[in-house]
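Here's a quick briefing to read with the model open beside you. Take a look at the chain first, then work through the notes by topic.

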Amino acid sequence: MKNLDIQLDEEYAQKLAYIQQEADQDTVEAIKSSVELRYQQLQQQKTDPLAKLKQSKFIGCFKGEIDLAANSEAIVHKRSRSVS
């Protein structure tokens, strides 16, 4: 078993106290369950491509006009006229 000596600032001490109260756990149990939860999340990301993508900063992609960002208003007006 490994002993840890940690210092938490007030914000994290309050968060830990909240977790302990809501989960009815002592400090060791609260820390263990938090570590286990994060471990499971990281393991799932490793094996689940969708989970990995959801955690990334990637926004998305689509097929469309090459200059959409530069000419978005003109493209929208052009397309809205062709729909009418």
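A salt bridge here is a side-chain nitrogen of Lys or Arg within 4 Å of a carboxyl oxygen of Asp or Glu. Glu-11 and Lys-15 fit that bill, with their side chains meeting at 3.0 Å, N to O. Keep in mind that this is a predicted model.

**Overall layout**

- The protein chain has four helices and zero strands, so read along the sequence you get the pattern α-α-α-α.
- How does the radius of gyration of the protein chain sit against that of a compact globule of 84 residues? The globule would come in near 12 Å, but the protein chain has 24 Å.
- Along its principal axes, the C-alpha trace of the protein chain spans about 70 × 30 × 20 Å.
- Just 6% of the 84 residues in the protein chain count as buried.
- For a feel of the distances, take Leu-8 and Ser-72: they sit 64 residues apart in sequence, and their C-alpha atoms are 49 Å apart in space.
- Leu-8 itself belongs to the segment before α1, and it counts as partly exposed, at 42% relative accessibility.

**Helix α1 and its salt bridge**

- Helix α1 covers residues 10-23, which makes 14 residues.
- At 1.5 Å a residue, α1 should span 20 Å, and its end C-alpha atoms are indeed 20 Å apart, so the two values agree.
- Side chains of opposite charge can pair when their charged atoms come close.
- How many salt bridges does the count come to? The count is one, and the pair in question is Glu-11 with Lys-15.
- Why do these two line up along the helix? Glu-11 and Lys-15 are four residues apart in α1, so about one helical turn separates them.
- Both partners are partly exposed: Glu-11 has a relative accessible area of 44%, and Lys-15 has 39%.

**The turn-off after α1**

- Most residues other than glycine have a negative phi, and most peptide bonds are trans.
- Asp-24 goes the other way, with a positive phi of about 55 degrees although it is not a glycine.
- Where does Asp-24 lie? You'll find Asp-24 in the loop between α1 and α2, the latter being residues 27-47, and Asp-24 follows α1.
- Asp-24 is exposed, because its relative accessible area of 70% is over the 50% cut-off.

**Thr-27 and the largest pocket**

- Thr-27 is found in helix α2, and at 36% relative accessibility it counts as partly exposed.
- Thr-27 and Leu-16 are 11 residues apart along the chain, with their C-alpha atoms separated by 7.7 Å.
- Thr-27 is also one of the residues lining the largest pocket, which has a volume of about 270 Å³.
- Which other residues line the largest pocket? Alongside Thr-27 there are Met-1, Lys-2, Asn-3, Leu-4, Ile-6, Val-28, Ile-31 and Lys-32.
- By type, the lining of the largest pocket divides into five nonpolar, two polar and two charged residues.

Notes. Residues are numbered from 1 along each chain as its sequence is written. This is a predicted model: local features need pLDDT of at least 70, side-chain atom pairs count only at pLDDT 80 or more; totals for chains, interfaces and linings use all residues. Side-chain values use heavy atoms; hydrogens and water are left out. The expected span of a helix is 1.5 Å times one less than its number of residues. Buried means under 20% relative accessible area, exposed over 50%, partly exposed in between (1.4 Å probe, protein chains only). On a 1 Å grid over the protein atoms alone, a cavity is a set of points where a 1.4 Å probe fits but cannot get out, and a pocket is an open set with protein on both sides within 12 Å along at least five of seven lines; lining residues have an atom within 4 Å of a point. Grid points are joined across faces, edges and corners, and a volume is the space filled by probe spheres set on the points. Ala, Val, Leu, Ile, Met, Phe, Trp, Tyr, Cys and Pro count as nonpolar, Asp, Glu, Lys and Arg as charged, and the others, Gly among them, as polar. The radius of gyration is taken over C-alpha atoms; the globule rule is 2.2 Å times the number of residues to the power 0.38.
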